[in-house]
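Dear colleague,

I am passing on the structure we spoke about, and beneath it you will find some notes on charged side chains. Please read them with the model open beside you.

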Amino acid sequence: MRAQAGWGLADVPDQRGRTAVITGGNSGLGFETAAVLAERGATVVLACRDLTKAEQAAARIRKGVPDADVRIEELDLLSPASVQAAAGRLRAAHPRLDLLINNAGLMRPQRDLSAAAAVAAGIEPTFYVNHLGHFALTGLLLDRLLASPGSRIVTVSSLVHLVGRADLEGLARLPAPRVSPEAPRSAGPGGRLPSRPRLHYPRSKLANLMFTFELHRRLAAAGAPTLAVAAHPGIARTGLTRNLAPPARVFLGVRAAPVMSWLIQSPQMGALATLRAATDTTARGGDYYGPSGWFGSTGLPAAARSSSRARDAEQQRRLWRESERLSGVTYDFGVGPGADGAQTPAPVTAPGEKPARRARRRAGILGNG
Ligand SMILES: NC(=O)c1ccc[n+]([C@@H]2O[C@H](COP(=O)([O-])OP(=O)(O)OC[C@H]3O[C@@H](n4cnc5c(N)ncnc54)[C@H](OP(=O)(O)O)[C@@H]3O)[C@@H](O)[C@H]2O)c1
């Protein structure tokens, strides 16, 4: 990937006329990303699990940018019903979408998630929120993105994907009570995955990157006008570490900021990689941006290093299949927006392409998974 160095806030182009959906847009990096896009003129939808927090975030953006077009949408990525409902409302409100920013994330689940559908289904919550919920949301909004030339799907990964392992056989299937550190360590319904909570987050962030690379391949094969691009913020001071043990929280917290600035940056700086992935006009599908400073933890965004595991095409395809199976959402790269918001087949056809050839091409794409 070629990426010019020194890309900063001033390089974010005019976003007037564009609509961006940002998951987890109420805090941290999602909020900073949303604020900049709104300031540049985009219609911004904060898709958040807590509508009160979302409204407060929207009000903060409007305070800085009085004419900002900021909307809120309820979305709990841990609930398949919520993802379905949010996608339905977004589809009804927006015939086309320009940006979907899969930003929301969970590093360590709190202990009160036992009622959540994902947990009841025996699926580890970190994987569910960070990857599977976004996989489903993206698939359900895909035709709205395909309807918009120049649209992008940006997914936020992490430096820690470098230590993530795919473990695809039992990727998501963990014992239901994994949310509690006191829960006994036993084999999950899949029966294969060792249950070590500190590995869940890196695995989910590896999945974010593998998803982007596979999505890029499928979009390109379909001749789609949409780019899949990934980003990571390095290490940024946000609420992400709120459920970690106290030493880590203190180390990464605001009070340690003056002595940790060589390693940890502000959320505004962290959001630049996402903004670059979303708006740099030289970006290509499959690009991956992150801070250019020491160890990729701070600095202006540039091309980032991905692990060989993340680039393993066979593993990407397996992740895709497993994600379809677990989420129940399959992607159709040949659909366009239906008038009533339902997915109706609408061919992505090259000029002059014959229907039979189109059908063969589509079969090839769909058979790929
Ligand atoms: N900060 C870093 O150093 C760092 C490093 C690498 C990658 N990242 C990635 O950056 C992204 C943003 O994280 P952040 O650092 O900005 O942390 P953050 O401030 O904690 O933001 C996380 C956002 O995700 C939302 N979220 C959590 N669970 C959700 C769910 N079930 N449904 C919908 N939204 C949910 C949170 O909502 P609530 O406010 O309601 O909890 C919050 O808005 C994440 O993907 C994270 O993995 C961050």
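The side chains of aspartate 280 and arginine 276 are joined by a salt bridge, with 2.8 Å between N and O, and both of these residues are buried. Please bear in mind throughout that this is a predicted model. Searching the whole structure gives 14 salt bridges, and a few others are described below.

Aspartate 98 and arginine 96 also meet through their side chains in a salt bridge, again listed at 2.8 Å from N to O. Here aspartate 98 has a relative accessible area of 3% and is therefore buried, whereas arginine 96, with a relative accessible area of 36%, is partly exposed.

A further salt bridge links glutamate 314 with arginine 321, where the closest N and O atoms are 4.0 Å apart. Glutamate 314 counts as partly exposed because its relative accessibility is 41%, and arginine 321, at 38% relative accessibility, likewise counts as partly exposed.

Which residues are linked with Asp143 in a network of salt bridges? They are Arg91 and Arg144. Aspartate 143 itself lies in helix α5, which covers residues 125-146, and its relative accessibility of 1% falls under the 20% cut-off, so aspartate 143 counts as buried. The C-alpha atom of aspartate 143 is separated by 8.0 Å from that of arginine 96, although the two residues are 47 residues apart along the chain; this is the arginine 96 that forms the salt bridge with aspartate 98.

With best wishes

How values were computed. Residues are numbered from 1 along each chain as its sequence is written. This is a predicted model: local features need pLDDT of at least 70, side-chain atom pairs count only at pLDDT 80 or more; totals for chains, interfaces and linings use all residues. Side-chain values use heavy atoms; hydrogens and water are left out. Helices (H or I, at least four residues) and strands (E, at least two) are DSSP runs, numbered from the N terminus. Buried means under 20% relative accessible area, exposed over 50%, partly exposed in between (1.4 Å probe, protein chains only).
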